[in-house]
Amino acid sequence: MTEPGPEPLVRVENVSKHFPVRLGATLKAVDGVSFDIRSGECLGLVGESGCGKSTLGRLIAQLTPVTSGRIVFDGTDLTRLRGRQLRRLRRHFQMIFQDPFASLDPRMTVGDIIAEPLANFGLGRGRERERRVQELLEVVGLSPSFVSRYPHEFSGGQRQRIGIARALALHPRLIVCDEPVSALDVSIQSQIINLLEDLRHRFRLTYLFIAHDLALVRHISDRVLVMYLGKIVEVADSRQIYDLPRHPYTRALLSAVPIPDPHRERRRSLIELQGEVPSPISPPPGCRFHPRCPLAEAPGVCSRQEPPLEEKEPGHLAACHFWDRVPAMGAAEPMADGPASAPPAEEVPQNPRTLLGDPPPGWPMPGR
Amino acid sequence: MGTQPVAVTSLLAEPMVRRRAGLWTDAWRRLRRNRLALAAAAYLLALVGVAVLAAFWTPYSTTHQGVVLPYQGPTAAHPLGGDALGRDVLSRLMGGAQISLLVGVGTQVVVLVLGVPLGLLAGYFRGWLDAALSLVINIFYGVPDLLVALILIVLLGHSGLGQIIFAIAVTRWMDMARLVRGQAMSLREREFVEAARCCGSGTFKILSRHLLPNALGPIIVQATLGIPQAILFEAFLSFLGLGVQPPTPSWGSMAADGVQAIRISPHIVLAPTIALSVTLMAFNFVGDGLRDALDPRQRR
Amino acid sequence: MSPPLLEVRDLQVRFLTEEGEVRAVEGVSFNLQEGEILGIVGESGCGKSMTALSIMGLVPEPGRVTGGEIRFKGRDLLTLAPDEVRDLRGKDMAMIFQDPLSSLNPVLKTGFQIAEAMLAHRRSDKPRALRQAVDLLRQVRVPAPEQRARDYPFQLSGGMRQRAMIAMGLANAPAMLIADEPTTALDVTVQAQILGLLRTLNRETGTAIILITHNLAVVAGLCSRVIVMYAGQVVEEGSVFDLFERPQHPYTWLLLRSVPRLDRTRSERLRSIEGLPPDLIAPPSGCRFHPRCPFRVERCFTEPPPLQEVGPGQRAACWVTMRRALEEMDAADLLDVRPGAGSGVHGPTPRSPGD
């Protein structure tokens, strides 16, 4: 992958994580994934259940070893490191966990929880360390007086802030955010999202933001990776990927996300993907998405040959043989209530290769 | 992106911290409602008091013979009468309490020292360490307790309390190790352990600061319930003449001595037997009470 | 207009816990028309699930319905004997839950469980009920229904299980189906399928649906009327169009602006709702939302606002309402959402107990 600009902070090269499940069968949670994380960006990682995004997050945070491949962090291959060597580098990449109730040790005070990373690296001593902990609490919007309290005394949102404070303690360069708000109430989610954004700009952090909520990922990320069944199917700028997806799965995902606008919801067609995600133990041959894909030619190239993840347009990668047939998003959702009553397109996609108006043959129509 | 810099510090005013009881407070509250456990605990406290007292003073000597008429029944001066050799039963009972408690608690201390670290290591690391430990545990389970204890006592020379404690502990450590192993295995999967690894904590820190404190509840319950088992075992050994040697009083040996005279002077065998039974029951009630109080399912 | 299928009046549900009495539902009233799809939106702890369970007569211990009326087809369910309610439950009114895996019996075949739902309420023989179960699975668009009926729940995918639950719910052609967070645990593509299914079934069978969710976007597509609940009370109700285009209660207004949306520009910063959900044992005085409301005025601290008309067919429980906030407090441009920021009434933020 050629790339202009500075060296990426993290380079993931052909990483796989396989779990042996029974004799002869392996669960390929992550299968041959390659991408870069650029310094200072927020890279969103999105996908549905079983796609491997959480596993990928844990691989990058080195919480579980890779089965094959390399993860190069700031020039150092993490997969080669063991024990103390690896631990020494951990200060540069941290993680925020999904479950605010399980990610804090119930037996430790808030102060101890946040101080643990500092203690591990011998940062600060006595009073100085206390001060740092209090500072961190303030930074995440909590009162410094909370140091002597226990996690069970706090709400979900507050606990998540504690987890964020812990992740910030070592001044890491990269933070892997694994579904940081999905376990929180809706009204609290935006507090935490705004906090994460503010912190990123304030401390010049890099985020790998993992979530299943596409609207959220679009809001917070600069670039987005879409995963399906252990593989990356599309990589693009946030804006690009939502206006002009180049993979049918991405297109279907976008179409399925409900929007809080009753007029729009009634007008748009839900592209109903048939069936559900197959088991990652025996993925379909060729392109993994082909059995559910409205554009697939099967039997044909789609069932025989796995499409490689390649740059189709500048900065936009997709793994699809028919990437140029994917209809655009925007107001020109061409299937609103069937072709006859399609509302006029308000935004015209720039790319001349886009189909306007008629959906491609075989694209699922609403109603049945 | 970003228009208004909505001050992050505006959130500093988070005033609301829900005050909910933690594990211990919650448990204590539940325990307080358990009348039986409380009564049993009171009894045990009194027993400890008696045992401590016996170290300094008993109504009569625990070993001198002839302080009372042999086989004499309970009287005002000797509330529990005299045994076959004319020793005051009450005084010997008090002395026996010392032995029972020392053995009971002492064995559990050894069990904890042996079982907890092994269990933690096996449960956290799995792999060959776990396989090896499981093998050893199963071997120990395979050999009958009495045999092991006998062999050890003979080998070590059965004179001291220490030897007895060790011998009993050797037959009982496996339960604790298995319990701790199970706890470690489930705790290592928890997110806060992952978080600890993520922020650079080493194995020792994880085991001591994260796993052990979170496994403390079941460990305490197990240790508490192990005490009566040990006491009973000691009594049994003493009954067979293999425990503490005469003239040191042990409830077991007292019972053994009294069995022959059960028709003429039942008090000789009844006193230590009842004391033993009540003590065992008390420990079991307290242990059960602790287990119920600490049950995570009951916690919100 | 024909009488409503369901009328809930001043429903009150309380829980007696170690820490005090939790007022889970406090005076909730609403109607459901025949064939209508009603949405109940709110966050965890707002009382929406408890309201649904009260209707079904399934309030768990230590909760109790302590007041109000629930009139279903004219009869007050709260005055019926337990076996009369049981008779209705599963026949005229049905409920499906969030996690189908725990609602389905893992050791019984799926088809059998659906058949059971039918046999519990009407005379039939088992083979006929099983055949009807297969038909129901077909109606909920399960592919290869005969095979799926013979499968155990764990053999089905999440979406299939939820469809099976819906089939069970519809087994006796109920007049009303309550769906409590039916798609929360599902992937977004499967969610789209299930929501589409519910819409289709409503059209085909005329079953009224109460859809309970915390996801505003989900109600936008499916429901014709929506109720917003907060802290055990209804704070706003209206048609789905009114609610989304002209929300009058600050909570609704803020909620709509605090969720990321695919149809808005990325760079808009999300407005958040400050503070924490209220303690239901000792809820705030006056309006329960006032500790978090940017538009509160003095009256909000002391007097709880009743649910009143703010437009044709739209009601909100607010002294200020967004109309006034938009005119007088520049609410549209407001980005500082701290309590009282808009109206300048910062005042002492009542602290929750134990602070």
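Start with the biggest greasy patch: the largest nonpolar core has 286 residues. Select Leu208(A), Phe209(A) and Ile210(C), which have the most contacts inside this core. Now colour two stretches of chain C: domain 1 (6-223) and domain 2 (247-333). Both of these domains give residues to the core, so the core lies between them. In soluble globular proteins, nonpolar side chains tend to be buried together. Keep in mind as you click around that this is a predicted model.

**Stop 2: zoom in on Ile210(C)**

Which residues is Ile210(C) in contact with, once you leave aside its neighbours within four places in sequence? Try selecting Leu32(C), Leu38(C), Ile40(C) and Ala52(C), then add Met176(C), Ile178(C) and Ala179(C).

**Stop 3: chain A on its own**

Hide everything except chain A and switch to a cartoon view. You're looking at eleven helices and twelve strands. Chain A has 368 residues, and 50% of them count as buried. Now think about how the chain folds back on itself. Take the contacts in chain A between residues at least 6 apart in sequence: 65% of them join residues at least 24 apart.

**Stop 4: where chain A meets chain C**

Bring chain C back. Here 37 residues of chain A are in contact with 37 residues of chain C. On the chain A side, pick out α6 (186-203), α7 (214-220), α8 (238-243), α9 (248-256) and α10 (262-267), since each supplies at least two residues of the side that touches chain C. Which helix gives the largest share? That's α6(A), with six residues. Colour this side of chain A by class and you'll get 17 nonpolar, ten polar and ten charged residues.

**Stop 5: two helices packing in chain B**

Over to chain B. Select helix α3 (residues 89-125) and helix α10 (residues 267-294) of chain B. They pack at an angle of about 35°, with their axes 11 Å apart, and the crossing is right-handed. To see the contact itself, show Val89(B), Leu93(B), Gly96(B) and Ser100(B) from α3(B). Then add His267(B), Ile268(B), Ala271(B), Pro272(B), Ala275(B) and Thr279(B) from α10(B). The residues of this contact divide into six nonpolar, four polar and no charged.

**Last stop: a covered helix**

Stay in chain B and select helix α9 (residues 251-259). Is α9(B) mostly covered or mostly uncovered? Mostly covered: seven of its nine residues are buried. Those are Trp251(B), Gly252(B), Ser253(B), Met254(B), Ala255(B), Asp257(B) and Gly258(B). What covers them includes α3, α8 (203-239) and α10 of chain B, so show those helices too.

Definitions and conventions: Residues are numbered from 1 along each chain as its sequence is written. Chains are lettered from A and ligands numbered from 1 in the order in which they are written. This is a predicted model: local features need pLDDT of at least 70, side-chain atom pairs count only at pLDDT 80 or more; totals for chains, interfaces and linings use all residues. Axes are lines fitted to C-alpha atoms, for helices over the stretch in contact, and angles run from 0 to 180 degrees between N-to-C directions. Helices (H or I, at least four residues) and strands (E, at least two) are DSSP runs, numbered from the N terminus. A crossing is left-handed if the near helix is turned anticlockwise from the far one by less than a right angle, and right-handed if clockwise. Two residues are in contact if their C-beta atoms, placed from the backbone, lie within 7 Å. Ala, Val, Leu, Ile, Met, Phe, Trp, Tyr, Cys and Pro count as nonpolar, Asp, Glu, Lys and Arg as charged, and the others, Gly among them, as polar. A nonpolar core is a set of buried Ala, Val, Leu, Ile, Met, Phe, Trp, Tyr and Cys residues joined through C-beta atoms within 7 Å. A residue is buried if 20 or more other C-beta atoms lie within 10 Å of its own, exposed if 12 or fewer, and partly exposed in between; C-beta atoms are placed from the backbone. Domain bounds come from an automatic or database domain assignment.
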